Amino acid sequence: MTTYRIAPSILSADFAQLGNEVRNVVAAGADMIHFDVMDNHYVPNLTIGPMVCSAIRPLVDVPIDVHLMVKPVDRIIPDFARAGADIISFHPEASEHIDRTLQLIHDNGCKAGLVFNPATPLDYLLHVMDKLDLILIMSVNPGFGGQAFIPHALKKIETARAMIDSSGKQIMLEVDGGIKTDNIAEVARAGADTFVSGSAIFNTPDYTAVIRQMRERLKELMDETGTDTQYIELGDLYGRMSRYRSALSLYHQGSPEILTDGKIPDSHICFLDELFKSNDGVLNSLLKALNERKYTNEGVTTTIPVISFF
């Protein structure tokens with residue numbers, strides 16, 4: 001079952017009342033506090049540091065999710081760990097040695113994340129997936145709150161979700177920038193499970209109402225798909241449809257009788273047949289990762305050559 005998390009960004013909070021703001025937004029239903037750190041060097045803005053993190057740490061019992069938009073990045077990581085950060089993420093462009101920086105975060109007792117700007121490729125993930133607890137996709141260019149969501153980010157979210165699922169690891173997929181009640185379901189459908197929202201929450205008089213509406217949109221999506229996960233393709237391929245793999249193999253080898261023997265519902269066959277015929281690069285990458293893996297169906301282990309489905 002997918003766990004959705006809403007992480008209000010205090011970048012949009014009232015800093016004259018920051019202690020009350022974080023208490024109130026957590027009481028309103030926030031799952032995490034998103035803490036944006038900018039240095040006026042890597043991004044054109046200057047915000048807050050470890051002292052503020054340390055000040056709010058005793059006020060809330062939810063995780064503090066620190067997003068470092070600073071360069072260089074390694075020097076300040078231990079400071080935020082001591083200040084009470086639970087998750088620390090950074091941009092690959094801000095580190096000379098990404099693997100070493102991820103290890104530094106873990107060595108300081110925090111979960112580690114990697115952040116991708118709208119024009120930053122996801123290629124870095126190919127080499128450090130085993131060290132990640134979180135992937136953050138920026139759906140705006142970093143530096144300022146209140147920007148509009150960049151639609152192309154949906155494609156990147158889909159790609160990141162495919163890579164996470166093919167890795168078999170439990171990695172949070174977070175999205176930051178322009179998240180509101182009217183687009184959170186669309187972002188979730190693309191594969192995100194953690195949603196950073198700043199002005200859409202803090203610029204309203206009723207935090208509880210906004211967070212409730214966001215959860216309602218996510219619930220509607222789950223009801224619409226009829227499944228516990230919002231990302232039907234990957235949920236089916238990796239989890240709940242494991243028992244269908246042998247039958248699917250027979251189907252694509254020319255045995256359509258499986259459609260009528262109760263092994264696979266018609267709706268799943270139609271959906272999966274279109275999926276396997278897709279030329280989309282994301283799905284091709286996903287299916288290549290599945291190729292030649294072994295799966296167990298009713299006690300019998302079988303290898304399904306997924307690529308041959310094309």
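The following exercises, each with a worked solution, concern a predicted model of one protein chain.

Residues are numbered from 1 along each chain as its sequence is written, and side-chain values use heavy atoms, with hydrogens and water left out. Because the model is predicted, local features need pLDDT of at least 70 and side-chain atom pairs count only at pLDDT 80 or more, while totals for chains, interfaces and linings use all residues.

**Exercise 1. State how confident the predictor is in the chain, and identify residues for which pLDDT stays under 50.**

Step 1. pLDDT is the predictor's confidence in each residue, from 0 to 100. The chain averages 80, and 73% of the residues score at least 70.

Step 2. Over residues 229-251, pLDDT stays under 50. The value also stays under 50 over residues 255-310.

Step 3. Predicted coordinates should not be read in detail where pLDDT is low.

**Exercise 2. Determine whether Ser-95 is buried or exposed, and describe its surroundings.**

Step 1. Ser-95 belongs to the loop between strand 4 (87-90) and helix 4 (98-107). Helices (H or I, at least four residues) and strands (E, at least two) are DSSP runs, numbered from the N terminus.

Step 2. The relative accessible area of Ser-95 is 11%, so the residue is buried. Buried means under 20% relative accessible area, exposed over 50%, and partly exposed in between (1.4 Å probe, protein chains only).

Step 3. With neighbours within four places in sequence left aside, Ser-95 is in contact (heavy atoms within 4.5 Å) with Val-73, Asp-74, Phe-90 and Thr-101.

Step 4. The side chain of Ser-95 also reaches the backbone oxygen of His-97, at 3.1 Å.

**Exercise 3. Classify Thr-159 by its accessibility, and locate it in the chain.**

Step 1. Helix 6 (residues 153-167) contains Thr-159.

Step 2. Thr-159 has a relative accessible area of 22% and is therefore partly exposed.

Step 3. A polar atom of the Thr-159 side chain lies 3.0 Å from the backbone oxygen of Lys-155.

Step 4. Ala-190 is 31 residues from Thr-159 in sequence, and their C-alpha atoms are 8.8 Å apart in space.

**Exercise 4. Report how much of the chain is buried and how its contacts are distributed in sequence.**

Step 1. The chain has 13 helices and 10 strands.

Step 2. Of its 310 residues, 53% count as buried.

Step 3. Among contacts in the chain with a separation of 6 or more, 62% come from residues 24 or more positions apart.

How values were computed: A polar contact is a pair of N or O atoms within 3.5 Å; within protein, one must be able to donate a hydrogen and the other to accept it, and residues adjacent in sequence count only if both atoms are side-chain atoms.
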